[in-house]
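Q: I'd like to learn how to read salt bridges in a model. Can you walk me through some here?

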Amino acid sequence: MNRSLSTRSALVALATTGTLLLGSPALADTDPPWESVQVSGTGEVFGEPDKLTANLAAETTAPTVAAALNGTTAAAAKMRDALVKAGIAKVDLQTSNVDVEAKTDDDGKITGYTVNQGVTVTIRNLTKAGTILSDTITAGGDAARLNGVSFGIEDESGLLNQARKRAFGTARGKAELFAKEAGRPLGRVLKVTETTPGWGGGGEQYKAMAAFAADASLPIEPGRQRLSVTVSVEWALDTSTSAK
């Protein structure tokens with residue numbers, strides 16, 4: 001086997017899969033003569049959300065497609081204007097869907113049409129989020145819909161790195177325990193694999209499907225955001241000596 005070609009193959013695998021593999025069989029002609037222990041660890045951290053994403057929509061039902069479309073378009077425009085007036089940047093507004101659905105009776109006869117137009121908005125000033133949503137829904141009238149909100153953290157890289165360190169530390173603790181029980185000193189790391197980071201925690205999502213009266217208030221509680229990382233780590237076991 002061409003050793004330089006194998007090395008390049010291993011580096012390509014690292015770049016494409018995100019899996020670090022040391023002492024890979026790709027670097028040798030035979031399987032590595034080591035014993036190993038592979039464990040997983042999960043690290044969790046919490047952060048304070050600094051943005052809110054809301055799934056808004058306007059929906060109208062009318063006898064004809066044109067009437068339903070006009071009603072929905074007018075309500076959606078009023079809602080969008082309310083968001084812009086509240087200081088929402090246009091880059092934080094995005095049309096999420098436009099649906100036209102026929103309504104039928106028990107005999108299958110069309111009785112009307114429903115048009116739904118959705119927009120996703122990101123609100124970065126959480127102290128005003130409740131007021132912004134209430135004013136927007138009021139502007140849309142009975143056609144306004146709020147399908148859900150979620151909270152997030154704009155720059156979560158630092159928190160994820162903290163979670164990674166905790167995850168690796170948890171995995172190391174497990175590996176050291178197993179190595180001691182097996183009577184083998186823990187050796188070098190052979191492979192580290194990270195699963196997709198997870199998000200969750202209190203205040204993650206609030207759902208509502210309603211039209212709000214002009215004097216209604218919409219309480220918003222961001223809570224805290226949970227971020228977690230799980231890693232799978234493989235350590236070599238030193239077979240030349242025994243663990244003390």
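**Reading the salt bridges**

A: Happy to, and let's begin with one partner: R184 has 24% relative accessibility, so this arginine counts as partly exposed. Keep in mind that this is a predicted model.

Q: What does R184 form a salt bridge with?

A: Here's the general idea: side chains of opposite charge can pair when their charged atoms come close. In this case R184 pairs with E35, with 3.7 Å between the closest N and O atoms. That contact links distant parts of the chain, 149 residues apart: R184 sits in the loop between helix 4 and strand 7, and E35 in strand 2. E35 is partly exposed too, at 39% relative accessible area.

Q: How many salt bridges does the structure hold?

A: Eight. Another of them brings together the side chains of E44 and R226, at 3.5 Å from N to O. E44 lies in strand 2 and R226 in strand 10, so this pair ties together parts 182 residues apart in sequence. Both ends are partly exposed: E44 at 37% relative accessibility, R226 at 25%.

Q: Is D92 buried or exposed?

A: Buried, because its relative accessibility is 12% and the cut-off for buried is under 20%. Its partner R124 is partly exposed at 43%. The closest N and O atoms of R124 and D92 are 2.9 Å apart. R124 is in the loop between strand 5 and helix 3, while D92 is in the loop between helix 2 and strand 4.

Q: Which residues are joined with D92 and R124 into one network?

A: K51 and E154, through salt bridges that share partners.

Terms used:
Residues numbered from 1 in each chain as written. Predicted model: local features only at pLDDT ≥ 70, side-chain atom pairs only at ≥ 80, totals over all residues. Heavy atoms only, no water. Salt bridge = Lys/Arg side-chain N within 4 Å of Asp/Glu carboxyl O. Helix = DSSP H or I, 4+ residues; strand = E, 2+ residues; numbered from the N terminus. Buried < 20%, exposed > 50% of the residue type's maximum accessible area, 1.4 Å probe, protein only.
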